[in-house]
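Student: Could we go through the disulfides of this protein and their surroundings?
Tutor: Certainly; the structure comes up here.
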Amino acid sequence: MLPVTKLTVSLMQFCVGLWMSTVCVLSQRSICRCIPKQFVVTQKSLVVGIGSQSVTPMIVRENAYVAFDAMTEMAAMFINVTSMDGTMKTHYHVIVDAKKDMWTIDLDSFTCNRTRYRTHFKRCVPDAANYTGSFYVGSRQLFGDEWTFFSPNPAAAGIETLGLLQDSCIPLRATFVGEIQSVQVTASIAFDDYQEGISNPDKFFKIPGYCPLKIGTKRVPVKNGALWYQPVAGHFIL
């Protein structure tokens, strides 16, 4: 079986990269390329990962509560990660300041790790993204546009899709197929409970006092499970 810690770290890096990496005109209609500048959303992911030394895939469910703020170049998420076989259940709070670093807080052990954030903060699909067409949800009640592109996240090598609702550009769905830290990953992601703006930024962005002041220093030991939770929803939001 794929080691839990490696898959967990890979998935978190993907989630954070997604939101950090994520209007042209077509047929007299504006096509969304960029997610809104500031919002809170629930991100639900089903991720399958298999390592190079494993023949048994690991299936993981992620439920994340995400805040994205392009104006301050910050993003954060509270993530619950549960393996389908019940061997893993973890809870993390990840804070990214694109002008500084990334903090990964284990909410079970109240430990914290600080690392360098190396992904460019973007809220639009890459210029080279392919527009794959429009879609609708329900009985033609909601309409969206979908893009396909190579992942701009340096921690993830693969193909992404991103579906945005027309006019509002609210993220609706995303997928990823590729490799993260030598782990073959397939992820299916849905977004719901969208709220414009961030009513309580301290809840998401306030860094606990027990977190390291500098990279390479640790006030509290970090258990192995947090290694991957440095920053795979946001990839699609972070």
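Tutor: One term beforehand: buried means under 20% relative accessible area, exposed over 50%, and partly exposed in between, with a 1.4 Å probe and protein chains only. This is a predicted model, in which local features need pLDDT of at least 70 and side-chain atom pairs count only at pLDDT 80 or more, while totals for chains, interfaces and linings use all residues. Residues are numbered from 1 along each chain as its sequence is written, and side-chain values use heavy atoms, with hydrogens and water left out.
Student: How many disulfides does a search of the whole structure find?
Tutor: The search gives three, a disulfide being a pair of cysteine sulfur atoms within 2.5 Å.
Student: Is Cys-34 buried or exposed?
Tutor: Cys-34 counts as buried, at 17% relative accessibility. A disulfide joins Cys-34 to Cys-124, S to S 1.8 Å, and Cys-124 is partly exposed at 25%.
Student: Is the link of Cys-32 and Cys-169 left-handed or right-handed?
Tutor: That link is left-handed, with -80° about the S-S bond. Cys-32 lies in the loop between strands E2 (29-31) and E3 (38-51), and Cys-169 in the loop between strands E11 (157-165) and E12 (171-180), so the pair ties together parts 137 residues apart in sequence. Strands (E, at least two residues) and helices (H or I, at least four) are DSSP runs, numbered from the N terminus.
Student: And which residue does a disulfide join to Cys-112?
Tutor: Its partner is Cys-211, S to S 2.1 Å. Both Cys-112 and Cys-211 are buried.
Student: What is the pairing in sequence order?
Tutor: Numbering the bonded cysteines that way, the pairing is 1-5, 2-4, 3-6.
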